[in-house]
Structure formats: structure tokens, C-alpha cells
Amino acid sequence: MNRAPDAPIGVEAAAVYCGSLSVSARDLMSHRGLDVCRAHSIGAAKRAVALPDEDAVSIAATCARKLLDSLDAEQRQSIRWLVFATESGLDLSKSAGTYLWDLLDLPAACGTFELKQACHGGVAALEVGAALAAVAPGARVLVVASDASTALTGTYAEPSQGVGAVSMLISNSPSLLRLNCSTPGLHSRHSHDFFRPTPTLDKMDTDQSLLTYLGCFGPAFRDFAERNNTTSDSYFMDFDLLAMHTPFPGMVRGAHRQAFREFGAPLGTEFEADFRARVAPSLEYPSIVGNIYSATILLAILSAVRNSKASQPSRLGVYSYGSGSTAEFFGCVVQEGARDLLGPDVDDCLSDRLEVTPDHYDTLSKAARAISAGVQWAEPELDMASTVRQGPRARLARIVDYRRVYEWQT
Amino acid sequence: MQADDKPAREVVEARISSALPELTPEDIRSSSTLSELGLDSMERLDIVVGSADDLGVIVDPRDFTSSNTIGDIALQLARSPRRSGAT
């Protein structure tokens, strides 16, 4: 071993790109003739929307480039692995990571692979990235989670889904987030709650999905508590902040309520106040982006980081869930100053998006299907909103006999 | 062996009545789904999880789908294993 087991490993830097456009969840519900009163229960304010020339790879590239542009040549050379988590993969054999590796001009001595376990993919990639960084002193691992939902047109899930990517640089200088602080708790069970049998078809049983998410939460946390020699009180006592996979913010509220019910909150712990103080900070970004699948939990983590105290480390508990299903609970530490290090870039990236009408969103959803996995030929048009984003943006220029050709728009 | 689902049905109906006080007992038919009664996904979740808590049973999510009727839900709850320590 080159490194003591407890040497810090974690997130050195992070970036977010959730498209250049958004649509109001309420406007979309109204447009579909859905009961707008349910918007409060769902808890989503906006849904991120992709341009006609953006897929999971181009979105990932736009996101990761923000991180890479801040590195010097030596730091770029230290990136030994690119781990790409997605459930919007473009090919059954060729990893989406190979496209991304090329777009980002990463070193030849950098490996890449694609990783999938529904919405748990982002955390799985983070942990694989941490393990790879731990065995190669001085090395960095670029972890990118990127997904684009299908439209789920006309359902109550539609307003709360989105598109987006989160990228994180993993190293032994975890300025943002230290990962290796506890033994994770795990729980798996077989389920068909959500799956994507073809590139444009999401099969979902809402009730089964919510019950499975919730049903895995308690066992995963109890496994965490047992393996870290603690009790269920740990949920209330040991974490300053909590971030959970956020299919929609209302689900996270339900999970926290389940914790009160299942673990028995200590006397004096009041649900609403506890939810506002420890959980709500993680929902700020997801509520204006929507569910971005493998990247959602990473977005929730960054939302918690951005709302953490600047002057001291914060203990963050993370619940990750991926349909099918696997769940995990782990603890990590938001480093002192992480909030400022993450900076206003993420806030600006999300607030600078152009809001489109539901009619425009419908046009864009149709365009997204024209470049989905399995399409042999395509040449996506530049949408009138393509120029809204400041800074470099990766775009799919064409598909030629299944081969995707990307380019940078600066 | 056929599980006696009457206690489970009463618990589920009580939960529905609490969530939708404007409904009469006649409105809550065994053949209706929770969606048909106008409950959203989180309210449906609360009814299933709350009923399971009231009955002291552990639910298997695979037995509960969006197309389940109230009768289906009561039957599945009646068949669910009891939590350790539940009376």
C-alpha cells in the first residue's frame, strides 16, 4: 500500500451544467391540463430543457470543460481516469466516456469507462473514482454524471424531470468534500419500478417506485448504523445536513418523514424545523432543474455544499437510490470554506437559463427524439435559443451512420 | 390460505377518509384505485405506508403498483409479514 487507509480522498472541485433553457413546472402542468394544485406536493419549480443539439455526452462535456479550463497543464496530465455515469447511454458497446474523453482533449494515458445503476450511477461513479484515486498517489479522477430524461408526456412526472450534468474532480486534496469518512450502508432488492428498455421509452410505476425508494431507505440506514457501530439516533445527531436522491423534492420530504416514523426522533426534534434546517438546503438546485437521474444526487450534494456554513466543516449524510434497485447511505464531510470554493458559478449557471414556453418545450422534446440512441443519420438544427449560453458549449453536429460528431460552440 | 383482509380494509379506509374527509363511506369502493379518488402519488404513499404502520406489517413494494385497487391494497397488507415486536 502506498497510502494509509485513512488518508483523505474526495472532491477537489465540481461544476454543473443543466442546459441553457428551462420551462416552468406550473406552466407545463397547466399546458397539459394537469391539476396545478399538485405542484406543491411535487415541489418542482422548473424543468431543465436541452437544446436540439444536446445529448448526454454534449451536456457532460459542457459541464466538465468548466472544471478542466481552470487546471494547468500538469494538473490535466494528472487525470488518470474519466468515469462517466449515465442511464442515457448512446451505444451498447462504445462507452459514452470515449466521446467525452475526445471532446475534453484528455491525456492519452487516461482511461475511461461508462457506469450504470439508474439514479445510483452518480454515487457509484464517485466511489469508484475515489477508489481509483486512492491507489494512485497524485492522480486525479474526473467523474461525470449526465442524463437526459425522456418526456413522460402528460404524466405528473413530466414537470419534475430534467436534463443536466454534474462533474467532480476526485483527488487526495478534497477541498470541497471528504468522502472516505464512514462505511456505507447498502440495501438492494429486485424491482421493475423504473426502467428504460429502449432509448425513448421510460417504463415507470410511480407507486412502486416511491415505495421501493422508501422501503430501501430504512434498511440502508440501519446497515450504515450497524457497520459504523452507532444507532438510528445517528440520523438525527450525527449529520448537520442531509442530501437524498431527488426524483422530485416532495419525495425527499416523504423520506425524511419516514425517518421520523421509523427511527423515532429524539425528544424535542420537530419535523418541520429539522427538515428546513438539514434537508431543504439540498433541494434548492434540484427544485429548479428536475430529476437528472444519475446526476441528481450529486446536484443535491452540491446544493447542500453551497448552503453549508463557510466557517466550519459540516457533516453530510447522503442517501442514494437507483431503481431496479440499489440504495446506499453514507457520511461525508463538507470542508471548511467549500461553500465559497464552489462559488456563485453554479447559481449563475442555473439562473442564467432562458425560460421557454411549453409550446417551445414541446418542439424541443420532439427534436431530442431525433438524436436519441440508435439514430443512424441526423443533423440537428441550431435552435434560436442556442446562443443564450455564455462560454463554450459542446454540441452534436451530426450523426453519420451511427457515428456521433461533436463540436465546440464558443 | 386466504388472508382475512377486513382489518386491513378498515385501516386503509380510515386513512383514505382522513386524507379525503369530503368522501362518504359509499364513495370508497373496493374496486376504486387511489388515483381515481383524486389522491396524488405522495398521498397514496402515505396511505400505504401509514396503513402498514397501523397494522404493524412490512410491505414489499413489488406488491404495490399504481393500478392496485383499494381491495388489492387491503389484501396485500393482510398478507404482509408482521414486524418483529408488533402485536
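Let's start with a word you'll need: a residue is buried when its relative accessible area is under 20%, exposed when that area is over 50%, and partly exposed in between, using a 1.4 Å probe and protein chains only.

This is a predicted model, where local features need pLDDT of at least 70, side-chain atom pairs count only at pLDDT 80 or more, and totals for chains, interfaces and linings use all residues. Residues are numbered from 1 along each chain as its sequence is written, chains are lettered from A and ligands numbered from 1 in the order in which they are written, and side-chain values use heavy atoms, with hydrogens and water left out.

**Exercise 1.** Find where A:Ala118 sits and decide whether A:Ala118 is buried or exposed.

*Solution.*
- Step 1: look in the loop between strand 5 (111–115) and helix 6 (121–134) of chain A, and you'll find A:Ala118 there. Helices (H or I, at least four residues) and strands (E, at least two) are DSSP runs, numbered from the N terminus.
- Step 2: check the backbone. Phi of A:Ala118 is near 45 degrees, a positive value in a residue other than glycine.
- Step 3: A:Ala118 has a relative accessible area of 12%, so it counts as buried.

**Exercise 2.** Do the same for A:Asp401.

*Solution.*
- Step 1: A:Asp401 is in the loop between strand 16 (393–400) and strand 17 (403–409) of chain A.
- Step 2: its phi is positive, about 50 degrees, although A:Asp401 is not a glycine.
- Step 3: with a relative accessible area of 30%, A:Asp401 is partly exposed.

**Exercise 3.** Work out why A:Cys18 makes no bond to A:Cys349.

*Solution.*
- Step 1: recall that a disulfide is a pair of cysteine sulfur atoms within 2.5 Å.
- Step 2: the closest cysteine sulfur to that of A:Cys18 belongs to A:Cys349, but it is 6.2 Å away, so it's too far for a bond.
- Step 3: try A:Cys110 too. Its closest cysteine sulfur, in A:Cys63, is 16 Å off, again too far for a bond.
- Step 4: over all chains, the structure holds 0 disulfides.

**Exercise 4.** Describe how helix 9 of chain A and helix 2 of chain B are arranged.

*Solution.*
- Step 1: the axes of helix 9 (residues 249–264) of chain A and helix 2 (residues 41–55) of chain B come within 11 Å and cross at roughly 15 degrees. Axes are lines fitted to C-alpha atoms, for helices over the stretch in contact (heavy atoms within 4.5 Å), and angles run from 0 to 180 degrees between N-to-C directions.
- Step 2: therefore helix 9 of chain A is roughly parallel to helix 2 of chain B (angles under 35 degrees count as roughly parallel, over 145 as roughly antiparallel, 65 to 115 as roughly perpendicular and the rest as oblique).
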